[in-house]
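Here's a quick tour of one helix pair and of the ligand's surroundings. Have the sequence and the 3D view open while you read.

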Amino acid sequence: MFTDELQQEAAPIIDAIYHDPFIKGIINGDISKDAIRHYLKADHLYLNEFAKIYSLLIAKLDDKEDIRFLLEQIDFVVNGEVTAHYTMADYVGEDYVSIIEGGEWYPASDHYIKHMYYNAFKYDDASFTICAMAPCPYVYQQLALKIKENHDLIGNPLKDWVDFYAVNMDELMGHLNRWVNRFAETTTEQNKAILRRNFLESCVHERRFFAMSYHQEKWNV
Ligand SMILES: Cc1ncc(CN)c(N)n1
């Protein structure tokens, strides 16, 4: 399957993220509170845009099941994923709403968000954007499974954050994979190269997003 190939190619990037300081800090339960604050400030805005981009894709669809699926995903991103954010706010020991106040599209998240929007506006078929969006659930699921495979997180204050992504992504990934594979079966090699590139670039964006948070990267303008 086409998405199996993409996921195989993404494995070294995910492995690198796993060994980067942000995830190390999650595993050790001692990541700096400033890194988590920065992550939350960036991520709540990222997720808002993610939901809005799903809504742009609805306009490209005819199949009712696909539309229903995206509506559910919008609900999950807007109302469900905040649970993972609350775990991090508890770790910081501050009120979530106060933490996210004043957040921005910091440089790496800005680049990532615009990568998704570009595909939503440039291409008629939703698959191009889906490939740019799929690493969002996929990379977190893979990281969470890897962490749980190698570490016992009992007593770790960020355990619930890891658990959240280890269990909640299967159905979503199945749907996204079927979607992209269906399109890949009938499209040109040239389009498949764009899909591949979109997926892998977003995996790199995921890495840069964590690094941005770890170093509290800002625009400084
Ligand atoms: C940047 C980013 N990527 C992925 C996820 C997990 N949905 C997230 N919350 N934020």
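Let's start with the helix pair: α3 and α5 lie roughly antiparallel to each other, because their axes cross at roughly 150° and any angle over 145 degrees counts that way. For orientation, α3 covers residues 33-58 and α5 covers residues 82-92, and the two axes come within 10 Å. The crossing of α3 past α5 is left-handed.

Which residues of α3 and α5 make the contact? On the α3 side you'll find Lys33, Ile36, Arg37, Leu40, Asp43 and His44, and α5 brings in His85, Met88, Ala89, Tyr91 and Val92. Sorted by type, the residues of this contact come out as six nonpolar, two polar and three charged.

Keep in mind that this is a predicted model. The protein has a mean pLDDT of 95, with 100% of its residues at 70 or more, and the model's scores are ipTM 0.99 and pTM 0.96.

Now for the ligand. Asp43, listed above in the α3–α5 contact, is also one of the residues around the ligand. The others in that shell are Tyr46, Leu47, Glu81, Cys136, Pro137, Tyr140, Glu206 and Phe209. Elements giving two or more residues to the shell are α3, α9 (135-150) and α12 (189-214).

Here are the two sets by residue type:

| Set | Nonpolar | Polar | Charged |
|---|---|---|---|
| α3–α5 contact | six residues | two residues | three residues |
| Shell around the ligand | six residues | no residues | three residues |

Conventions. Residues numbered from 1 in each chain as written. Predicted model: local features only at pLDDT ≥ 70, side-chain atom pairs only at ≥ 80, totals over all residues. Axes fitted to C-alpha atoms, helices over the stretch in contact; angles between N-to-C directions. Helix = DSSP H or I, 4+ residues; strand = E, 2+ residues; numbered from the N terminus. Parallel < 35°, antiparallel > 145°, perpendicular 65-115°, else oblique. Left-handed = near helix turned anticlockwise from the far one by under 90°. Contact = placed C-beta atoms within 7 Å. Nonpolar A, V, L, I, M, F, W, Y, C, P; charged D, E, K, R; others polar. pLDDT = per-residue confidence, 0-100. Near = placed C-beta within 6 Å.
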